[in-house]
Amino acid sequence: MSRIVGIDLGTTNSLVAYIDAQTKEPKCIPGPYGSTLCPSVVSLDADGSIVVGEAARRRLLTQPERTIYSVKRLMGRGAADVQDELKLFPFRIDPNSRNVIRVQLGDTYFTPPEISAFILRELKSWAEAFLGECVARAVVTVPAYFNDAQRQATKDAGKIAGLEIVRLVNEPTAAALAYGLHEKQRGHVAVYDLGGGTFDISVLKLISTSDGDIYQVLATNGDTHLGGDDIDNLLQALVRESIRKEHGVEISGKPELAQELRKALIAAKHQLSAAAQADIRFPLPNGAIFAMPFSREHFDNLIRPIVDRTMGPVKAALADAHLAPSEIEEVVLVGGTTRTPLIRSTVEEFFGRKPHTELNPDEVVALGAAVQANILERGVSNMLLLDVTPLSLGIETYGGAVSKIIPRNATIPASAQEQYTTGVDNQTGIDIHVLQGERELAKDCRSLARFTLKTAPAPAGLPRIDVKFLIDANGILQVSAKDLRTGEEHSIEVQPSYGIDDTEIERMLEESIEYAEQDFAERQLIEARTESEAILSATEKALGNPQGAELPPEERAAIEASVATLRESVTGSDYKLIRRRIDELNRATERLAELLMNSAVQSALEGRKLAEV
């Protein structure tokens, strides 16, 4: 079996990590630019090729209409779910998008799982180049508050990228694994994870037993619509308004200018993490320079509502875990946005203790994913990871009410079942409507799936229908219903409610094969060039030997002609042509090779005779 790596598929940056064989410690893998961070940015080139990571991020300024970032915000969501984002991000959505969002890059449309697959494929290539072996399996992290559709979208992205996702792990849980808190502290741990586009808070209980260590998630909460991007958007709104008032320049409708401004404001935000003031200077199209001194105090006042929004889920998670802030022994900060001083001071003040920041907050989730990958790969038996489902799951009952079968924060894998009956005489079928959410009415919860179980006509209240829910280790739901009187049974694996069906998955897989062929062609070109260089060097050396002088002039001329044509083909990009020229040179040098072999054999025999004498 191939190695399992850990992947943090992030909103702003993504990373891939592994366990070092010598140190047994998790480490992130650097990419071609030397950084372990792969910007979660994808760009479509004019020739149809895909560019990912740092190179794509640079194109945000030059080709914004062909480039997309923060696609994680769109995963598993319908067009109606993202109207607010579309006002802030330069995304162009297919107007015919319904259940599945389609983002336009150039003249082509892609779904969020397809775009995420490009990022996963890039990380896969990083890992294979670094480790020197095929990588086909991964543990991928997701926000703890990702619902079923968002988790399924992530698994679909892995499938499209040619990666088997062997486990989805909640990001805060991965952070606890990375810190190895089981070796340092028994008790309760809060993981505060604020990334580019999502916020999670998880409360874990770390227990040491004679059989090993148990990581148990007691409660989780969060907001999949809250992150560092929101801080960036606040800054942009403030500065855009100032530019409009002071200089009469409108940024809206100018994608390249908007991206330049976004880059400048992110740099100022980073500067304010270490300094008390940052000076924003931005050249405008009319030749003017927008200048604005920006203090940390001003910045803190601007973002305080966002920071306060994170504390609502924190309080809710503690309430679900039946714990007070003072009962939390350790607090861990995760996500690049937690470098913000206001966030660190707010968390410290709330819990009454200094949070852990020893590990790089950008890398800690990927490192934890690598730890979990090692647990699965090595079959480690003295470490148990108990995650929870973030939202309640149930079915719609008579009158539109919701009957919860698996409550939120239930430890997964999990299963539960309930019995129901009919509400009308002589019903011939029962509609099983699967729901996710905490509201009491079906119309207020998220619909996950529907199916109908046939029943024999009978008076209302007589049939006994057994409904069973099963959540696997990845948080994916299976539902079955059985009529206990007749034995009639129906089951369903809840398909992604964002609407990607098997046909579309098949199409995406076919396209992924197309990209795989492109990658394979590039590898073939490199290998052909390498082989040709070795053959050319060997041929030149052989021609300089005494045996080369024995060749008839016409054979030597043929070899030299083949050498020239091979050298010419190496400068091109047609690996098949290079291979043909290599074969031609091999045929042209058959006589030369024979002379060299005879000379070598003759020398060996003479040496043996001398030794015998």
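This note sets out points on the fold, one strand hairpin and one helix pair of a predicted model.

1. Overall composition. The protein chain contains 15 helices and 27 strands. Of its 613 residues, 52% count as buried. Where contacts link residues at least 6 apart in sequence, 67% of them join residues at least 24 apart. The chain exposes about 27800 Å², of which carbon and sulfur atoms supply 49%.

2. Two faces of strand β15. In a regular strand, side chains alternate between the two faces of the sheet. Strand β15, residues 277-283, shows this alternation. Ala278, Ile280 and Phe282 point to one face and are buried, whereas Gln277, Asp279, Arg281 and Pro283 point to the other face and are not buried.

3. Pairing with strand β16. Strand β15 runs antiparallel to β16, residues 289-295, and seven bridges join the two. Isoleucine 280, one of the buried residues of β15, has methionine 292 of β16 as its bridge partner. Five residues lie between the strands of this hairpin, and glycine 287 takes a positive phi near 95°.

4. Helices α13 and α14. The axes of α13 (residues 553-570) and α14 (residues 575-588) come within 9 Å and cross at roughly 165°. Because of this angle, α13 is roughly antiparallel to α14. The crossing is left-handed.

5. Residues of the helix contact. On the α13 side, the contact is made by Ala558, Ile559, Ser562, Val563, Thr565, Leu566, Ser569 and Val570. Helix α14 contributes Leu577, Ile578, Arg581, Ile582, Glu584, Leu585 and Ala588.

Definitions and conventions
Residues are numbered from 1 along each chain as its sequence is written. This is a predicted model: local features need pLDDT of at least 70, side-chain atom pairs count only at pLDDT 80 or more; totals for chains, interfaces and linings use all residues. Side-chain values use heavy atoms; hydrogens and water are left out. Helices (H or I, at least four residues) and strands (E, at least two) are DSSP runs, numbered from the N terminus. Buried means under 20% relative accessible area, exposed over 50%, partly exposed in between (1.4 Å probe, protein chains only). Contact means heavy atoms within 4.5 Å. Accessible areas come from the Shrake-Rupley method with a 1.4 Å probe; for residues, only the protein chains shown count as cover. Two strands pair if DSSP finds at least two bridges between them. Axes are lines fitted to C-alpha atoms, for helices over the stretch in contact, and angles run from 0 to 180 degrees between N-to-C directions. Angles under 35 degrees count as roughly parallel, over 145 as roughly antiparallel, 65 to 115 as roughly perpendicular and the rest as oblique. A crossing is left-handed if the near helix is turned anticlockwise from the far one by less than a right angle, and right-handed if clockwise.
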